[in-house]
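Please walk through the strand pairings of this protein chain with the model open beside the text. The account starts from one residue pair and widens step by step to the whole chain.

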Amino acid sequence: MKTELLKKTSLVLAAVCLLSACNDNEESNFTGKDNYILSFELVQDEASFTGAITDDEVIITIPGKLILENAVATYRISEHAAISPDPSEITGWDEEQEFTITAYNGATRTYTYKVERSTVLHSGNVILTTQADVAAFTATGASLIDGHLIIGSETGGENEDAVTDLSALAGIKEVTYNIVINPGYAGTDLKGLENIEKAGTITIGQVANLERVELPNLEFVNNDLSIRDASTIEIFNLNRLQRIGGSLTLANLSLTTLSLPLLESVSGTLSLTLNIEELNTPLLQQANSLYLSLEGLEKISFGLLEQCKEMDLRLNKKNTPAYIEFPVLKETSDITITGASNGNIIEEINFPQLVKITGKLSYVSGYNISAITGFTALETVNQLSLNLIRLVERINFPALKTIEDSFTISGNSRYSNILTHLDGLSAVESVKNVSISYCSALSSFYGLRNCIDQVQSWTVNSSLYNVTLEQMLAGEYYYEP
């Protein structure tokens, strides 16, 4: 009997020792390196929202107008890990949060918690002419307007019921048609529209009190974006704008800096009529046409602009830029460059890689362009027109071989001119029509000697040397008093 009891006791002790050894072995093998959120859920009243965990993000998707007030988090993390801050202490679940998971061995991993709202569609136009209209629309919780969004009455003037605050519209992310800010809008900013990512058209005009235009999440405008005749606008933010399917027009604003750091393409016209100190369009590669009437800048440069069919450069302001360059443009249809009667001297207009102009290159030089150069690679142009060249003393197109249609040059009938020769056109081999007038100092046509046998129509009048086509064919290129 004693022997049997002793055997049983020995077996129990052996089992305990074996179990203890196993536990010790398991503890010695536990490294405690895991630091993961394994599951995450928010519970509000009877609704629950399960988080999608991807890499180091936890994303909760909720209905567009829902506010996560009094929501409670439930979660599961790696064994023996800790989470900071404690989710039970968080109240702002509508805002982005960061959580740090610390493993048993001290290694950390940070997760970013984000809220994404599902789209709530409003079909039809939204017209907000009073603050009460804004409040009523906000109650719909719409994030996508499939129609127009019109803010303010069409006429300005004081109105007690006018819209002054758009902050309640912060849930809107897209407007498929037009966003119109009318003169009747009485606010000073567009806070509330900052989350809009896409729009059909945006029009802001003659809004008397508007000081800030900030649409920091706008990426794409399907048609036109126009902001003009709002001289109170001083702050401008379209920092994520990448593409405009129509035209971009900015005119008569009180900006000192215009920065469009991500803009790559304008399918219509890029039109800027501004007095600014800095212009930044570092990624712009394509614009169908370009209209610039700028002052206040020392230099204009479109460093990546490769495609532009038409250019109208109005250098006719008192403080117009002295240096203009388009370093990578290789072909275009038409370029018009207009100088000023009282502006500062234009030092350089540079198109170093432009080889072909399929239409017309036109200079109207005024008094602030002293040399027509900068087209060092240009080989072909359909029409070359140089007008009002009163103070132009040098013309140089060193690579130009073909003027497919006409070459026109005219001075000023009321004033004397200083251009004496056309030697900078010596590379020209072909031109059909030549018309030169009011060049009171022009005495040498030697620069046209290589193309004279291709000329079909020749007119020179009111110049110092009114040379005829017959004289040119005879080699009489110079004026001899």
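I202 has L225 as its bridge partner in β17, and this pair belongs to a contact in which strand β14 (residues 198–205) and strand β17 (residues 225–230) run parallel, joined by four bridges. Strands here are DSSP runs of E with at least two residues, helices are runs of H or I with at least four residues, and both are numbered from the N terminus; two strands count as paired if DSSP finds at least two bridges between them. This is a predicted model, in which local features need pLDDT of at least 70 and side-chain atom pairs count only at pLDDT 80 or more, whereas totals for chains, interfaces and linings use all residues. Residues are numbered from 1 along each chain as its sequence is written, and side-chain values use heavy atoms, with hydrogens and water left out.

From β17 the pairing continues to strand β20 (residues 248–253), again in the parallel sense, over five bridges; within this contact, I227 has L250 in β20 as its bridge partner. In general, the strands of a sheet pair through backbone hydrogen bonds, either parallel or antiparallel.

Further along the sequence, β25, β27 and β30 form an open sheet of three strands in that order, with parallel pairing. Its edge strands, each of which pairs on one side only, are β25 (299–301) and β30 (348–350). Neighbouring strands of this sheet are turned by 5° against each other on average, direction ignored, where the axes are lines fitted to C-alpha atoms (for helices over the stretch in contact) and angles run from 0 to 180 degrees between N-to-C directions. Between β25 and β27 (residues 323–325), which run parallel, there are three bridges, and I300 stands opposite I324 in β27.

Another parallel series involves strand β33 (residues 380–387), which pairs over six bridges with strand β35 (residues 402–410); here L386 stands opposite I409. β35 also pairs in the parallel sense with strand β36 (residues 430–437), over seven bridges, and T408 stands opposite S435 in β36.

The pairing is mixed in an open sheet of five strands, ordered β3-β4-β8-β7-β6. Its edge strands are β3 (52–54) and β6 (82–84), each pairing on one side only, and the twist averages 25° from one strand to the next. Within this sheet's order, β8 is followed by β7, and strand β7 (residues 97–102) pairs with strand β8 (residues 108–118) in the antiparallel sense over six bridges. One of the facing pairs is E98 and T112 in β8.

Taken as a whole, the protein chain holds three helices and 37 strands. Its radius of gyration, taken over C-alpha atoms, is 36 Å, well over the 23 Å that the globule rule gives for 481 residues, so the chain is more spread out than a compact globule; the rule is 2.2 Å times the number of residues to the power 0.38. Along the principal axes, the C-alpha atoms fill a box of roughly 150 × 65 × 35 Å.

Of the 481 residues, 41% count as buried, meaning under 20% relative accessible area (1.4 Å probe, protein chains only). Among contacts (heavy atoms within 4.5 Å) between residues at least 6 apart in sequence, 43% join residues at least 24 apart. The accessible surface of the protein chain comes to about 23800 Å², of which 45% belongs to carbon and sulfur atoms, with areas taken from the Shrake-Rupley method with a 1.4 Å probe.

Technical notes:
Buried means under 20% relative accessible area, exposed over 50%, partly exposed in between (1.4 Å probe, protein chains only).
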